Amino acid sequence: MERERGATRIREFDVVVVRRSGRNTTRVTLRSRESTNVSPGDAARGLVHWSAGRALAQFVASQLQLNSKRIVELGCGCAGFPGIVSVLSSGASFVRFIDKEERALAVLRQNLVDVQRYFSEARARFEVDRVDFADPLEAQNILARRDAGDAWDFDYALAADVLYDEDVSTAAGLFRYAFVLLNTDDGPTSRRHEKRFFLGYCHRADSHFLAPLAAEYGFRCVSASAVSLPASAVSERDDDRTEMEIVEFALI
């Protein structure tokens with residue numbers, strides 16, 4: 001279902017999450033805005049929805065228990081499905097949405113207004129930040145923010161469809177930034193072994209380069225799960241895919 005609203009349209013997706021409160025079960029179908037009349041280049045900047053984001057959101061809803069966890073979604077785009085679902089279905093206490101495109105974040109903020117009541121019911125908080133994780137200086141900025149007392153420590157990092165091909169430079173920036181975000185506990189009660197980075201991507205290119213690159217930046221591959229969406233659930237764009245993979249990384 002689509003409904004035009006200015007420069008955006010609302011699309012209703014069959015992404016259903018289950019929120020449990022006591023014995024009550026509530027099903028929530030996500031409805032989300034995306035930009036209209038975008039060029040292929042604009043689509044790649046997160047102004048429209050991508051199937052990998054929906055696939056990772058479904059994975060979060062069905063496979064993860066994030067009770068009271070702090071989550072960061074990298075390259076969230078205009079939808080932020082994985083980050084939103086981490087609260088609605090899994091009980092995360094805080095989500096930080098990060099993307100470098102202000103236009104995509106502007107649409108995301110509208111979408112977050114629509115689900116604000118679910119965040120309030122779950123007593124969860126969220127923040128939205130404009131960050132280019134591929135910029136090496138941004139990793140240093142995280143350390144500066146922590147020194148200043150800002151809460152930039154996370155339990156899980158999520159990223160969907162931020163790698164469109166065998167782009168080593170972008171992938172390196174992604175792993176470098178995710179490592180700094182997660183690598184915060186080094187004391188006697190360290191939780192490093194519990195922290196995870198989940199990456200969802202479409203099968204556009206061979207992903208053999210990911211594992212050694214991840215190891216170079218402090219991650220080891222824990223598991224990889226193939227995910228298929230029905231053709232009816234994927235956008236009409238030629239560069240979207242029905243076959244995806246969710247890869248789980250842990251800190252070394």
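This is a short talk through one predicted protein model, from its overall make-up down to a few single residues.

Okay, hi everyone. Keep in mind that what you have on screen is a predicted model. Let's start with the whole chain. It has 252 residues, and 52% of them count as buried. The secondary structure comes to eight helices and ten strands. On the outside, the chain exposes about 11,800 Å², with carbon and sulfur atoms supplying 46% of that. And how do the contacts run along the sequence? If you take contacts between residues at least 6 apart, 73% of them join residues at least 24 apart.

Now, the inside. The largest nonpolar core has 38 residues, and L56, F97 and F198 are the ones with the most contacts inside it. Quite a few elements give two or more residues to this core, among them α3, β5 (94-99), α4 (102-114), β8 and β10 (243-251). Which element gives the largest share? That's α2, with six residues. As a bit of background, nonpolar side chains in soluble globular proteins tend to be buried together.

Let me stay with F198 for a second. Leaving out residues up to four places away in sequence, F198 touches L56, F59, L64, Y156, A157, L158, A159, I246, V247 and E248. There's also a second, separate core, this one of 34 residues, which includes V72, L74, Y201 and A214.

On to the helices, beginning with α2. Helix α2 covers residues 51-63, so 13 residues, and at 1.5 Å a residue we'd expect a span of 18 Å; the end C-alpha atoms are indeed 18 Å apart. The buried residues of α2 are S51, A52, G53, R54, A55, L56, A57, F59 and V60. You'll recognise L56 there as one of the residues with the most contacts in the largest core.

Then there's α3, residues 81-88. How many of its eight residues are buried? Eight of the eight, so α3 is largely enclosed by the rest of the structure. If you want to click along, they run from F81 and P82 through G83, I84, V85, S86 and V87 to L88.

Helix α7, residues 168-182, has 15 residues and reaches 21 Å from its first C-alpha to its last, close to the 21 Å expected. Eleven of those 15 residues are buried, so α7 is also described as largely enclosed by the rest of the structure. The buried ones include L174, F175, Y177 and V180.

Next up, the aromatics. A search of the whole structure finds 13 aromatic pairs. One of them is W152 with F154, an edge-to-face pair at 6.2 Å centre to centre and 85° between the planes. Both W152 and F154 are buried. Another pair is F197 with F219, and that one is tilted: 5.7 Å between centres, with 50° between the planes. This pair links distant parts of the chain, since F197 is in strand β8 (residues 196-202) and F219 is in strand β9 (residues 219-228), 22 residues apart. F197 and F219 are both buried, too. And they belong to one aromatic cluster together with F175, F179 and F249.

Go back to W152 and F154 for a moment, as each has an arginine over its ring. R96 lies over the face of W152, 4.2 Å from the ring centre. Over the ring of F154 sits the charged end of R70, at 5.5 Å from the centre.

Last stop: three loop residues. N37 is in the loop between β3 (24-35) and α1 (40-47). Is N37 buried or exposed? It counts as exposed, because its relative accessibility is 82%. N37 is also 8.1 Å from A7, C-alpha to C-alpha, although the two are 30 residues apart in sequence.

The other two have a positive phi without being glycines. R123, in the loop between α5 and β6 (125-130), has a phi of about 55°. D161, in the loop between β7 and α7, has a phi of about 60°. Their surroundings differ, though: R123 counts as exposed at 78% relative accessibility, while D161 is buried, with a relative accessible area of 3%.

That's the tour, thanks for listening.

Key: Residues numbered from 1 in each chain as written. Predicted model: local features only at pLDDT ≥ 70, side-chain atom pairs only at ≥ 80, totals over all residues. Heavy atoms only, no water. Helix = DSSP H or I, 4+ residues; strand = E, 2+ residues; numbered from the N terminus. Buried < 20%, exposed > 50% of the residue type's maximum accessible area, 1.4 Å probe, protein only. Contact = heavy atoms within 4.5 Å. Areas by Shrake-Rupley, 256 points an atom, 1.4 Å probe, with all protein chains shown as cover. Expected span 1.5 Å × (residues − 1). Phe/Tyr/Trp six-rings, centres within 6.5 Å; stacked < 30°, edge-to-face > 60°. Lys NZ or Arg CZ within 6 Å of the ring centre and 35° of its normal. Core = buried A, V, L, I, M, F, W, Y, C linked by side-chain atoms within 4.5 Å.
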